[in-house]
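User: Hello! I would like to walk through this model with you, one question at a time. Shall we begin?

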Amino acid sequence: MWEIIGALLVGCVVSGVVPLVNAELLVVAAAVAVPPAALPLVVAASTVGQMISKTLLFGLARWAPTRLPDRATARLDRAVEAVRDRGGAAGSLMFVSALVGLPPFYGLSLAAGVLGMPLALFLATGTAGRAVRFAALAWAAHFLGAGTAEMMAAGTLVDLLPGH
């Protein structure tokens, strides 16, 4: 069981920066592979893994926003505008993004760093959103059973899940 939790942690770190790696599918697979009592570990490992990579993006954006590639800078500019348009609701926006993936949490992690969002606020709202997201997925996978991972891999459920 510990190798599953460790692999989930690493996979979710990678997923946080490589969108082709699907954290949701990893959570579902882990949730059906571990005993029910280990579901909180699945949620914790996936949340911590994602927040490690998102915090690295946050720090990168705070440290060197002008050194990002042009494509990343364009996406970052759009995310920064989305945050600025919402004024003081940055924490709420970060939570919603971490929870549902819209606007993409990847871009908002970068935007939060550029805008100078306090790290504690970023960590609190992002961690809360990701934990709720992954808890819902883990519970649903456990409730629906082993076929959930196959349905997601086949694209049946993936279309229902917004981006990272």
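User: Which residue with positive phi follows H6?

Analyst: Happy to help! This is a predicted model, in which local features need pLDDT of at least 70, side-chain atom pairs count only at pLDDT 80 or more, and totals for chains, interfaces and linings use all residues. Residues are numbered from 1 along each chain as its sequence is written, and side-chain values use heavy atoms, with hydrogens and water left out. Helices are DSSP runs (H or I, at least four residues), as are strands (E, at least two), and both are numbered from the N terminus. The phi of the residue that follows H6 is positive, near 80°, and that residue is Gly116.

User: How many helices does the protein chain have, and how many strands?

Analyst: From the N terminus on, the elements run α-α-α-α-α-α-α-α. The count is therefore eight helices and zero strands, with helices and strands taken as DSSP runs.

User: How many of the eleven residues of helix H6 are buried?

Analyst: Buried means under 20% relative accessible area, exposed over 50%, and partly exposed in between, with a 1.4 Å probe and protein chains only. In the protein chain of 164 residues, buried residues make up 40%. In H6 (residues 105-115), the buried ones include Phe105, Gly107 and Leu110. H6 is largely enclosed by the rest of the structure, because its buried residues number eight of the eleven.

User: What is the relative accessible area of Leu108?

Analyst: Leu108 sits in helix H6. Its C-alpha atom is separated by 7.7 Å from that of Leu76, although the two are 32 residues apart along the chain. Leu108 is buried, and its relative accessible area is 1%.

User: Where does the cis peptide bond lead from Leu102?

Analyst: Omega for this bond is near -10°. The residue on the far side is in the loop between helix H5 (90-100) and H6, and is Pro103. So the cis bond runs from Leu102 to Pro103.

User: Are H5 and H6 roughly parallel or antiparallel?

Analyst: Two packed helices are described by the angle between their axes and the distance between the axes. Here the axes come within 9 Å and cross at roughly 150°; axes are lines fitted to C-alpha atoms, for helices over the stretch in contact, and angles run from 0 to 180 degrees between N-to-C directions. H5 passes H6 in a left-handed crossing, meaning that the near helix is turned anticlockwise from the far one by less than a right angle (right-handed if clockwise). Angles under 35 degrees count as roughly parallel, over 145 as roughly antiparallel, 65 to 115 as roughly perpendicular and the rest as oblique, so H5 and H6 are roughly antiparallel.

User: At what angle do H2 and helix H3 pack?

Analyst: The crossing of H2 and H3 is right-handed. With their axes 10 Å apart, H2 and H3 (residues 39-63) pack at an angle of about 160°. That makes H2 roughly antiparallel to H3, at the angle of about 160°.

User: Which residue forms a salt bridge with Arg133?

Analyst: A salt bridge is a side-chain nitrogen of Lys or Arg within 4 Å of a carboxyl oxygen of Asp or Glu, and a search of the whole structure finds one. The pair links distant parts of the chain, 109 residues apart, with Arg133 in helix H7 (residues 119-144) and its partner in helix H2. Both residues are buried. The closest N and O atoms are 2.6 Å apart, and the partner of Arg133 is Glu24.
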